[in-house]
Amino acid sequence: MTNIRIEDQCWHIILNSNANEKKCERNWKPVAELLERRNIRYELHIVRKPGEGIATAKDLCQNGIRHIVAAGGDGTINEVVNGIFLSGVDTREVYMAVLPLGRGNDWVRTHHYPKTIAEVVECWRNGNFMQHDIGKVTTQTHDKSYIRYFINIAGFGFDAEVIYDVTNNPPHLLGFNVYVLSLLKTLFSHKPTAIQVSAKEDFNFEGEVFMVIAAICQYNGGGIREAKYAIPDDGLLDLIVVPKMSIPKVLKHLKDMTTGDHIDKIKDIKIIKTTEVNIRTNSILRAETEGELLATGDYRIELLPNSLNVLTGLRS
């Protein structure tokens, strides 16, 4: 952990106006007043379209800025992280904090961020920064490759199919309820995918899977604890392979998935810690990082250990 005085820097806040059903920008004024009362200097950058968060963070880093705030939900955090890593700067020089103004806010759950923004700002004043691990997914199609970075969880199979349903049929519900509704809908239409999974530690799996998770942090889908043993600065990915399961078995363990106990109770689940994973398939296997859908193809997931300074609520 590294401690810095928040008040000594000017923070560049990337605010996603579309976060939390477009309430983020409308609700900004009291947050701004709170920051000013706490003598936290900042410049505000409002982004309104997908990809603008990436472009803004990239541009800031390339122009010498090293103190950035992601204000929004998990998708906003993902865009800011991608902008930082696509900028070409030494990411270990960059400090990132988060204002959780989104709907699901899964990443902050692992880091024990407080529930109110006032408490979050007080947490900021502790200046407790972790050298956070970052993941990199390379998708290889028949003629192109695509790269996406992530700071929380990359999900393949059922997990991504749920995100696909949320994205294409967004219900007017909040956080956890959105995910659960789409989860139940997808459960009855999802077909297991035949894949090959390999990891550096002589791990190999071949067969039909329900889903595969590569985790740096623990929560996804608005509060579902998919990877309860993941540690965000241990230099390792938690690879969790969930083989094909029947609908009754999934429903039986649905509550366990909210606590993370499914990992221990479902004996067929395979879990290892690794730094590199390869997933191959002859079918369509959807993938997502922090709720952002990726191109489909074969996947390589790599860990970039301790590569970004991130404000945490965890104690050293």
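The legends below accompany an overview and several close-up views of a predicted model.

**Figure 1. Overall fold of the predicted protein model, with its 11 helices and 18 strands.** The radius of gyration of the protein is 19 Å, close to the 20 Å that the globule rule gives for 316 residues, so the protein is as compact as a globular protein of that length. Taken along the principal axes, the box filled by the C-alpha atoms is roughly 55 × 40 × 40 Å. Of the 316 residues, 56% count as buried, and among contacts with a separation of 6 or more, 76% are made by residues 24 or more positions apart.

**Figure 2. Surface and charged side chains of the protein.** The protein exposes about 14000 Å², of which carbon and sulfur atoms supply 47%. There are 37 positive and 39 negative side chains in the protein, and the centres of these two sets lie 4 Å apart.

**Figure 3. Close-up of helix α4, formed by residues 74-86.** At 1.5 Å a residue, the 13 residues of this helix should span 18 Å, and the end C-alpha atoms of α4 are indeed 18 Å apart, in agreement with that expectation. Because 12 of its 13 residues are buried, α4 is largely enclosed by the rest of the structure. The buried residues of α4 include the charged D74 and E79, and among the others are I77, V80, V81, I84 and F85. Just after α4, G88 takes a positive phi of about 85 degrees.

**Figure 4. Close-up of W107 in helix α5.** W107 counts as buried, with a relative accessibility of 0%. Not counting residues up to four places away in sequence, W107 touches D74 and I77, both of which are also among the buried residues of α4. The other residues that W107 touches, with the same sequence neighbours left out, are V98, Y113, H132, I151, N152, C217, V310 and L311. Although W107 and N220 are 113 residues apart along the chain, their C-alpha atoms are separated by 7.7 Å.

**Figure 5. Close-up of G135 in strand β6, which comprises residues 128-140.** G135 counts as buried, at 0% relative accessibility. Leaving aside its neighbours within four places in sequence, G135 is in contact with R148, Y149 and F150, and likewise with I216 and E302. The C-alpha atoms of G135 and P114 are separated by 25 Å, the two residues being 21 residues apart along the chain.

**Figure 6. Close-up of two loop residues, H112 and E290, each with a positive phi although neither is a glycine.** H112 lies in the loop between α5 (107-110) and α6 (117-126), where its phi is about 55 degrees. With a relative accessible area of 55%, H112 is exposed, the cut-off for that term being over 50%. E290 is found in the loop between β16 (287-289) and β17 (292-293), and its positive phi is about 50 degrees. In contrast to the exposed H112, E290 counts as buried at 5% relative accessibility, a value that falls under the 20% cut-off for buried residues.

Methods. Residues numbered from 1 in each chain as written. Predicted model: local features only at pLDDT ≥ 70, side-chain atom pairs only at ≥ 80, totals over all residues. Heavy atoms only, no water. Helix = DSSP H or I, 4+ residues; strand = E, 2+ residues; numbered from the N terminus. Rg over C-alpha atoms; globule rule 2.2 N^0.38 Å. Buried < 20%, exposed > 50% of the residue type's maximum accessible area, 1.4 Å probe, protein only. Contact = heavy atoms within 4.5 Å. Areas by Shrake-Rupley, 256 points an atom, 1.4 Å probe, with all protein chains shown as cover. Charge placed at Lys NZ, Arg CZ, Asp CG, Glu CD. Expected span 1.5 Å × (residues − 1).
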